[in-house]
Amino acid sequence: VTVEGVWVADTPAALQAKLHSLRALLGKRARLWRADDTEQQWRIARCLEVRSQKEPGSQGHAEIGLRFQLFPGPWNGAARTVNATLDASPKTLTCNNAGNVRVDNAVVTVTAAGSAITQVRVRVANVSDIRWNGNLAVGQTLTLDCGARTARIGSTDAYAGWEYLSGHVVPEWLRLQPGNNSVLIYRTGGSSASTAQITFNDGWA
Amino acid sequence: MEFWIDIEAGDGNKLGSGPITTATNWEHTPRLDAAGTFSFTMPASDPKAALLQHKRVARCRAIVGGTVTDLGAGIIDEISVNVGDPTMLDVSGPDIMQELATRTVGRLAICEQGWRSLNDPARSMLGWFRNSLSGDNIVPNEDIAIPLSHDGNADTYESIYLQSELDGFPTHGAWLYVGHDARFDRIRLTFSQYNTNDDCILQCQYYNGSGWSTLNHTDGTRVGTRTWAQSGEITFNRPANWARYTAAYGAGNWFWVRMRVQRVPPANPSSTSYVRLNEVEVYADIPTTNGVNLIMNHAPTTWTRSGYPQTVTEKYLEFDGETVLAALIALCEQGGQSSNEAIREHFRLGTGRAIEWLGTTQPSSGLRAQRGGDATEGGGELCIIESLTERRDSSEAVTRIYPTSADGITLALTTRSAPTGYTFSRGGNYLQHNAGAGALGIIEAWMRFSDVSTQQADSRTEHPTMASNALFDRVVEYLRTHGEAQRFYDLSVVQFPKLLRPGETIDVVYHDYVDGYHAVDIDTVALGTPLHILAPTIRITPEGVGTIALEVATIDRPAQSDASVLANTVRDVQRMSGTVSNVTTQIISGDVGGDADTVDGFHASNTPNPNTLLALNANAQWPLSTIPDGYDHTKLSNVLPDQHHNPVSLSASAQYLLSLNDQQIDMPGVAASRVLASPIGSSGTPQFRADVGLNSLTLGTKLTTPLIDSAAALMLSPTTRTQTDRAIASDDYISRLTGWQITPYGAADFRFGYFDELHAQSFIADLEQALAGGQIICKSVAPLAADFIAPAPGGDGDLYVHEFPGFGGFRVFVDDDLIRLRQFYRESPGSMTYTEDTTIPANEFVYHAGVVSVADGVTLTVEGELVADYGNSLYITDCWGTVAYHSTTDGVQRYTFTRSGGDRAGQAPTGAVIKAESLALDYGISGNGYYEVNAIDGPMAENSPYAQVVTWSDHPADGLSLRTRMGNLRGVFGTADEFGLYAGDGVSASSRYLRISNEAVEMRNLPLLMLGNSGARVEAHSGGLFGLDNSGAGAFALVTNPVSWQGQALDAGDVMIGSATAGQYIHWDASETRLTVAGDILIQNPVIDWNDVLNKPAGAARLGTGTPSSTGLWLTATRLGYWNASVNDWQAVIQSDGVTRFGRNVSGSTAMTWDPSTGRLRFFGGGASLPRMELRADGALHIGIHSSDPSVDGRVFLNQDGISFQDGRSAFWGAGTGSTTLSGSTDTYWGDPQHSHRVSLSVSGRRMRIDGVWCIAIPE
């Protein structure tokens, strides 16, 4: 993505300060936002280039150009959170992706209650079917960051118990298509007071 | 194409938080019959780059064809940083097959055991060695041949008599000798007529080098008490000291086992039965097709180690520390023949951690590689060659080989014949590749193949022949792959979207002309011989996956490189240094000389004289298969100083058993090799095995121990199921109250259970407490006046209850009381529709037209539409909490209900609705309890009926205590049909309880007190039985445990009656075995008869009649006295007639007798017949008895009339101390002559002279 425009400041010093802050972005990876009249959307990008040009005699404004490397994934729209108590296994969580492209960076968390959970399975029929095996003690939370592809209990790595089941047919861990997606959460162990949460942003092209 | 890379530890566990997803490419080059290579590139900025560490495993996966597919794995050996924009990391190393190079097969022998006929006299012998009687001499019968029993024909037989022909030895049969050129494990006997005699056992022996030893065996021919009663196998373990021997005349020198039928006493000498022995075979070493599994069994445990296919041809090899990978390669190089053609087998990396054994199969890839722009020739898919390198090399060529094995075996004994295209010279000991010799001329090589050797060095024909055959196969394979110049090609191809695999074949067409010269001419299509793919390179990028390079050749072996030549040379040198040549070995035993303490760890008794040690017989000392630490101690050159130890061999005799006094068995070294195990049993597994490498202990039958503890979770993982014939229960179990129990009959009793669904053929809901307290009576109860919504644990809610009828304004609950609410509800039914092709995962329950359960691991695919109904499950849950009064309106009391937290909240879900009119039970406060009557406890109500009182502390959800139970006590003590009363605080050994039932009256840790109204009491407890009188003084004590009682220290077994403080008691001291009576002893009727006195005092006895048998006080029927056995007479005696004697009238002694019949008391001395003095009944005292006539007076006598003297006797009186003798005429005086006087009497003269003056008596 290349962004070009003109920056205006009240004073040359103010403009210079703005340009300095702009150049500080070079090489950084962060959210890159875009907005229209109704919504703001973002995605992860790295600033590869910052250009600026001031015309002689016009010390209050400058032409700038920014070039970003976009990381894979859609533009992230409104944030969604779906909570559920795992009082049945499987428990269906309906995730409504209100965007227009699929989302693959949802974050799934499962918190054990009653007793330890030894298996967590996340499944979308005919799309993805992944399972974590281990020991999730009462009160601990398993976080599956499907975008970063990380599995952690708190801050502890927990990828050792990871496996793909036969119904997993996509490279992502979890794929949410535009519209309603029924995500089935299975738990082995734990009580019906265990909880699950799926957070994601609408995906936009 | 999106792919990801998992980083794994050596054990296969994934590391980190997730996979690497930023790699830009992945390349894998698997190789045929070898480990391949891999590499990938990823940004250095990815935090997951921290996972890249040496020797970790990188595994690439991607979605291929809708499935997560393993695209290869490798061991990270090299990580390069490629600085740039962005900075990248290049990671590479060998592929995962290299892990097979990290394990050694040790001294693995590739062979197996099979049945061998004894019909070849050059390899075996069977003999029947009888004893005959010639005169008085026992003469071996030389006629030992029984040829029809080992002719390979089961229809012919020889008769073997069970009775010896030797007179006097009828109980044993003759020896049957079984000999073979090599050691064997079993003997198979085929009979057509069997032994019919009972009480016969089979005796087996082997030759141990110096004599015959018992051979422990399993007799498969035995039926009941009869051996040889059926055809079967004699199974045994090869003895370590089994030696060759010439057992009998003309029988030959073999490894012998001899056996005979032995009669069990009492024998029946008259029995003359015999058996018909049709065939005898032995189970001995033979080449095997199971070599792949034998080798892979040594692979790392993360690899598939068994289940591989058999090789096409049999192999006979012996390894000496090669790696698993090298051993597999050697197995390939061993070659073989099929249909008179030389063959070679191959393997490649399989899926995951497994190899794929291809055998001789080399499938066609169906692909043709061709130069871009060339005209298409032939069919099949096309692959465009970007570049090509060809190498032709004849430097490796050899056309004639003169081989020997590692131990010097040649081709002399081979039974092989040359395959097509080869020439074999047995006399010249060579094999020749004819086509190669024709094309390149004779190129000879004298080669020693180090992986071929005999596996029993003292076998003279069997194993040398097998080694010779293996050598033959090995040479043929070498000539096949080296007899002609071969061509090797490296192709670079345009990424082809197909994953080619090593071992496949491919056609290659490539022509290049230089100035009209046909410089490159490759056309396998025209030749009809496709090339062998030795190593394809697979590349995966975001753009896709495909093959980018191929290493192909005209021969199915890799080109030799300097490195491979060097590696093979090193391996051969290593093997040579560790190989014992096939020379006669010498068993060193006994003291054969030398005065050193040890030689390389061998005991002095086994120390040879200097320069006389030729070799040690490995089979005799340490069987190769049982070398315990991987070091062959029979070959001193192989053993480092720190690897030495003394060989230990133990026999079955008790004096040779291993005994460790306060020592432990240490097994240092590689964990995987440290094993302590019993021999393999008939089941194929050892009865005992401790495996350090696996951290495991295996017992074949039984583990007996009172406690199994574990620092971590304890898991039971039987192959089928965990069985018990006793109940499993917690130690505090009381039915329906505390703890839990599962019985083998299927009854379970838990305090809480959660079920996703509950299926029950009958369901009994425990509703008693809801029936207005009719069954459970607790502090209070009230019906709900409105639905109650269960708050979250720890949360609050309003609870509305009705007032007690007639008690308006009276609060039904006290603040802070614990209230139990119970929810009963049934899940609303529903349904779910599965459409066609929907996959129903395994382990999910689906209801449809009844119950359909999906078995473990089975996935059902719906064809059509399936409607799954669910619901109707009944849930019963508790909601516990405390109450605080709020208000009362219209007879309804409102309380604030604060639900308990954690597990004490009960299982009613938050928001659960407990319907109005349900009962709220008030359990009161900690320490309160309730009364319950129950008639449905347990399955089939087996624990009830009963009434019980229960209290609780802290919280009733987990703090119940049974105080009393009356009725069925099975739930308390576990005894069926036990009825009675229980009261106490538990049922453990330390508990205090009372049990009165039809099983026992038991007071555990409780005293039994019986009290009167005036202070007297009896107290019984485990310390004994004690009584106190009204004053508190001790009355009695029966002691079972040491106790201080009334100031006395009493021990177990002591008995005290009376008061010690008053000094009047009887005390039996058990430890001192002493009875103390402080007070009088009064014995009244009936009297104690002498016979009632046991263990009478020493020297005191009672005799009815006869003579006493020993010295002592005796009481007889007629006498009482002291019997002196040494003189055989009474020393003093009182007779029944009153006659009494003290002393004995014998020489040197005196005696006094009393005879009441005569009234005489007499005094005897020196054995005289007449007494010296006697006192007669008329009162006269007679002295000097001189007549046995009792009427005759003594010479002096005294009676009431006076004293009388017979004639010649005198009377003296006077004073003083002098004396005189009255004899003759000499006057002697008593006393002072001036004051003493003598009277001399003369009756006849009637005169008396006093002091010499005669006084005359004048007659009247």
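Modeller: A salt bridge is a side-chain nitrogen of Lys or Arg within 4 Å of a carboxyl oxygen of Asp or Glu. This is a predicted model, in which local features need pLDDT of at least 70 and side-chain atom pairs count only at pLDDT 80 or more, whereas totals for chains, interfaces and linings use all residues. Residues are numbered from 1 along each chain as its sequence is written, chains are lettered from A and ligands numbered from 1 in the order in which they are written, and side-chain values use heavy atoms, with hydrogens and water left out.

Biologist: Why is the pair B:R188 and B:E281 called a salt bridge?

Modeller: Their side chains meet with N and O 3.0 Å apart, which is within 4 Å, so the pair satisfies the rule. B:R188 belongs to strand β15 (residues 184–193) of chain B and B:E281 to strand β22 (residues 274–286), so the pair ties together parts 93 residues apart in sequence; strands are DSSP runs of E with at least two residues, and helices are runs of H or I with at least four, numbered from the N terminus.

Biologist: Are these two residues buried or exposed, or in between?

Modeller: Buried means under 20% relative accessible area, exposed over 50%, and partly exposed in between (1.4 Å probe, protein chains only). At 16%, B:E281 is therefore buried, while B:R188 at 25% is partly exposed.

Biologist: Which parts of chain B are tied together by B:R107 and B:D320?

Modeller: The side chains of B:R107 and B:D320 form a salt bridge of 3.7 Å, N to O. B:R107 sits in the loop between β7 (88–94) and β8 (109–110), and B:D320 in the loop between β23 (317–318) and α2 (324–333), so parts 213 residues apart in sequence are tied together. With a relative accessible area of 14%, B:D320 is buried.

Biologist: What makes B:D512 and B:R371 a link between distant parts of the chain?

Modeller: The closest N and O atoms of this salt bridge are 3.2 Å apart. B:D512 lies in strand β35 (residues 505–514) and B:R371 in strand β28 (residues 364–371) of chain B, 141 residues apart. At 23%, B:D512 is partly exposed, and B:R371, at 27%, also counts as partly exposed.

Biologist: How many salt bridges cross the interface of chain B and chain A?

Modeller: The rule finds 1 there, against 60 over all chains of the structure. The crossing pair is B:E2 with A:R149, at 2.3 Å from N to O. On the side of chain B that touches chain A, β1 (3–8) and β5 (67–75) each supply at least two residues.

Biologist: How many residues does each chain bring to the contact?

Modeller: Chain B brings 20 residues and chain A 25, contact meaning heavy atoms within 4.5 Å.

Biologist: How do you know that β72 and β73 of chain B pair?

Modeller: Pairing requires at least two bridges found by DSSP, and strand β72 (residues 1055–1059) and β73 have 5, in the antiparallel sense. One of these matches B:I1057 with B:I1066 in β73. The two strands form a hairpin with 4 residues between them, and B:G1063 in the turn has a positive phi of about 70°.

Biologist: Which residues make up the covered face of β73?

Modeller: In this strand (residues 1064–1069), B:Y1065, B:H1067 and B:D1069 form the covered face, whereas B:Q1064, B:I1066 and B:W1068 form the uncovered one. In a regular strand the side chains alternate between the two faces of the sheet.
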